[in-house]
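Me: I would like to learn how features such as strand pairing, helix packing and burial are read from a structure. Please give the general idea each time and then the case at hand.

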Amino acid sequence: MRDVSAGTFEQRAHVGLQTPGLAAALGRAMDHRAVQRTQAFAGTDEPAVRAAGEAIRAHTVANLDHYLERFAENAATRGTKVVFATTAAEAVEYVLRVLRDHGAELVVKGKSMVSEEIGLNPALGSAGVEVIETDLGEYIVQLAGETPAHITTPAVHKTRGQVRDLFNRAHGADLSDDPAELTRFARGVLREKFLAADVGITGVNFAVAETGSFTIVTNEGNARMCTSLPRVHIALMGMERIVPSFRELSLMLPLLTASAAGLGVTAYVTFVNGPRQPEEPDGPEEVHVVVLDNGRSAILGSEFHSVMHCIRCGACLNVCPVFRRVGGHAYGAVYCGPIGAVLAPLLDGFNAAGDLPHASSLCVACTEVCPVNIPLHECLLGLRREIARSRATRGERFAFAWWGRLWGNARTYRWSARLARIGQLPLVRRRRIRRAPFPLSRWTSARDMPALARGSFRERWKRTEGRGP
Amino acid sequence: MRSSDEPKTVQRPARVSLFVTCLVDLLFPEVGEATVLLLRDLGVPVDFPDAQTCCGQPALNSGFPDEARRTARTLLDAFEGAEAVVSPSGSCTAMVREHFPPLFQGTRDETRARDLAARTYELSEFLVDVLGVDRVAGSYAARVTYHDSCHGLRELHLSGQGRKLLAGIDGLELVEMARPEQCCGFGGTFSVRLPEMATAMADDKLEQASATGADVLVGGDTGCLMHLAGRASRKGIHLRPMHLAVLLAEARGLMLSGTVR
């Protein structure tokens, strides 16, 4: 698998910016999503709905221990096994143990970002278990040997021509780039796998504390196959993906699907209430739910606690002008886009992802669409501060310290401006600077820079208005 | 979501103080002059307290709030007692209105910061919402497209005040580009931290603006305009980025090609 986390955001973004057709493919998908989202919210009191969603998430996350305990108790009464994994390794180990207990050789998987987070597919591969992704987008990404480029639409960066080539190469087929034909083909391949699989693994969109059940939404029905055909079902969830009861779920689900896909409801909404009961004709013999912490508890109660309200709809990605240019791989982390730029440094640490909060122009488009009103741009600002504390270069510290000192009063500000005006003289041609040494070259490499004006506004004002108003 | 205190239905102030911004002061003084001329032309006396330097946004956005406070404090001092503060920048106004209160929270300047935030307006917002200007009479023969700068749009919640002011100008044809609300890629320090990305975003914006056949790209923030003009000039694109204040001042015959008449 390609190591997407190597290098810096700037280096990875360079690759994305140089990839022909990538921005066009992303732009088309995102414009479409933006229109769909707007239509889905039309006729609703969007601010009120979002405020209600925010309130539910805030209450639930503030009482997370209580609701997780209730979920585990209630799930147990119907035979679901709920386990809490503190780390990614613990979660992987538990899944492997269940697979070994059942001698599983083939696993079908529904879409799960938590499985990406814990690196499940490579771990299963090493253990000799065959894993097939059954979400069409995930299947495409798996065939390409990549990771998802988007939280909800993992193959958003692929054109239909690229998908055709992938399918033809992998299966020795001769398909056209007609999406219907490609989908039909994938369905045929996957159907065999569903029927042969020993274990199904899925994510969880929301767990319901009151009933011990959980729900998965898809538009392809693949998650329902994963949860019902194999003998064993393992569901993976982040510890925050829970609601108190069906009452709250009735708001959160449409909020999720409207924000993610512009839909009031997805084609399939699967509720899992546990393994097959004695009086029931079918269903899996065992249902396991792995609740993952993996650094989340450390976010609770911190300045950034509101990111725990996230419902992984991907709406912030769909409006982000930076994401639009390069897609998710440039972020080099499991979670990408604005939410990823906040989550990745918190979950993976500042060494691994400390540059991501700067991968934003702070245009606030993310905050504007977040269905649960996470102030994403403020989180990015806060993280920049935390990261600067431990990781700012000496040059940067020095520059800002002097800047603050000089511009901290108008006299030294004027004085520094005059000095800069003299300093720029060798660089200025016709009131423009076209080439300059570092650090100005970071601007002039691709843009002309205006020269400092011969007379500043305040100097001109003093000349014309100096005698008093 | 923290939303700005909607400063509408405010009484017309007897005079205003100009928050010129460091970018306008040092690089685009004509934008400051246009702002003064416009306000005076509309019968509002203007003063310029020269203790002001910079709102501190570059430092805050880079993760240096202490340094940001140092320069931001010059604004608190300069505008102490000012009835209303007007600025030809959505971004710098948003810094004062949205970010000063949390930036100074828990410091001795907490009250002063909140107080200044409540008295500070972006220029087009001040003209339309506070002065109640419906139409700026004037003439300017050009095909114009309008870029909604991010912080004015999404932090100040400006809603078409700039377009409204352009609509009254004779000879001016306003043509909308695709996604006028999409970021141009300036983003302050973003433009030098990730120059290749910033430039790609500028190219998108310039392409969308050019596709309208406009001669002039109007905006309310010199940061965005500097970024777009720098890119347009480097690529030889014939599209003139122009600040709203300068266009309005020229349309009213107060200025000629960005110089005071």
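Me: Which residue of β7(B) stands opposite B:Tyr146?

Reply: Strands of a sheet pair through backbone hydrogen bonds, either parallel or antiparallel. Two strands pair if DSSP finds at least two bridges between them, and strands (E, at least two residues) and helices (H or I, at least four) are DSSP runs numbered from the N terminus. Here B:Tyr146 stands opposite B:Val218 in β7(B). The strands β5(B) and β7(B), the latter covering residues 216–219, pair in the parallel sense over three bridges. Strand β5 of chain B (residues 139–146) is also joined to β6 of chain B (residues 170–174) by four bridges, and these two run parallel. In that second pairing, B:Ser139 stands opposite B:Asp170.

Me: What should I bear in mind about the source of these coordinates and the numbering?

Reply: This is a predicted model, in which local features need pLDDT of at least 70 and side-chain atom pairs count only at pLDDT 80 or more, while totals for chains, interfaces and linings use all residues. Residues are numbered from 1 along each chain as its sequence is written, and chains are lettered from A and ligands numbered from 1 in the order in which they are written.

Me: In what order do the four strands of the open sheet of chain B lie?

Reply: The order is β2-β1-β3-β4, with parallel pairing. The edge strands, each paired on one side only, are β2 (46–47) and β4 (120–122) of chain B. Strand β1 of chain B (residues 16–18) is joined to β2(B) by two bridges, in parallel. Within this pair, B:Ser17 stands opposite B:Asp47. Helix α5(B) packs on the sheet, where it touches β3 (85–87) and β4 of chain B, and its direction makes about 155 degrees with that of β4(B).

Me: At what angle do α5 and α6 of chain B pack?

Reply: Axes are lines fitted to C-alpha atoms, for helices over the stretch in contact, and angles run from 0 to 180 degrees between N-to-C directions. Helix α5 (residues 90–104) and helix α6 (residues 110–117) of chain B pack at about 170 degrees, with axes 8 Å apart. They are therefore roughly antiparallel to each other (angles over 145 degrees count as such, under 35 as roughly parallel, 65 to 115 as roughly perpendicular and the rest as oblique). Among the residues of α5(B) that meet α6(B) are B:Val96, B:Phe100 and B:Phe104, and the α6(B) side includes B:Glu110, B:Ala113 and B:Leu116. The residues of this contact divide into eight nonpolar, no polar and three charged. Ala, Val, Leu, Ile, Met, Phe, Trp, Tyr, Cys and Pro count as nonpolar, Asp, Glu, Lys and Arg as charged, and the others, Gly among them, as polar.

Me: Why does B:Leu76 count as buried?

Reply: A residue is buried if 20 or more other C-beta atoms lie within 10 Å of its own, exposed if 12 or fewer, and partly exposed in between, with C-beta atoms placed from the backbone. B:Leu76 counts as buried because it has 20 C-beta neighbours inside 10 Å. The residue is found in helix α4 of chain B (residues 65–78). Two residues are in contact if their C-beta atoms, placed from the backbone, lie within 7 Å. Leaving aside neighbours within four places in sequence, B:Leu76 is in contact with B:Asp109, B:Arg112, B:Ala113 and B:Leu116. B:Leu76 and B:Arg112 are 36 residues apart in sequence, yet their C-alpha atoms are 6.5 Å apart.

Me: Which side chains of β3 in chain A are buried?

Reply: In a regular strand the side chains alternate between the two faces of the sheet. Along β3(A) (residues 130–133), A:Val131 and A:Glu133 point to one face and are buried, whereas A:Glu130 and A:Ile132 point to the other and are not. Strand β2 of chain A (residues 106–109) pairs with β3(A) in the parallel sense over four bridges. There A:Val108 stands opposite A:Ile132.

Me: How many residues of chain A are in contact with chain B?

Reply: 53 residues of chain A are in contact with 54 residues of chain B. On the chain A side, helix α19 (residues 376–391) gives the largest share, five residues. By class, that side has 31 nonpolar, 11 polar and 11 charged residues.
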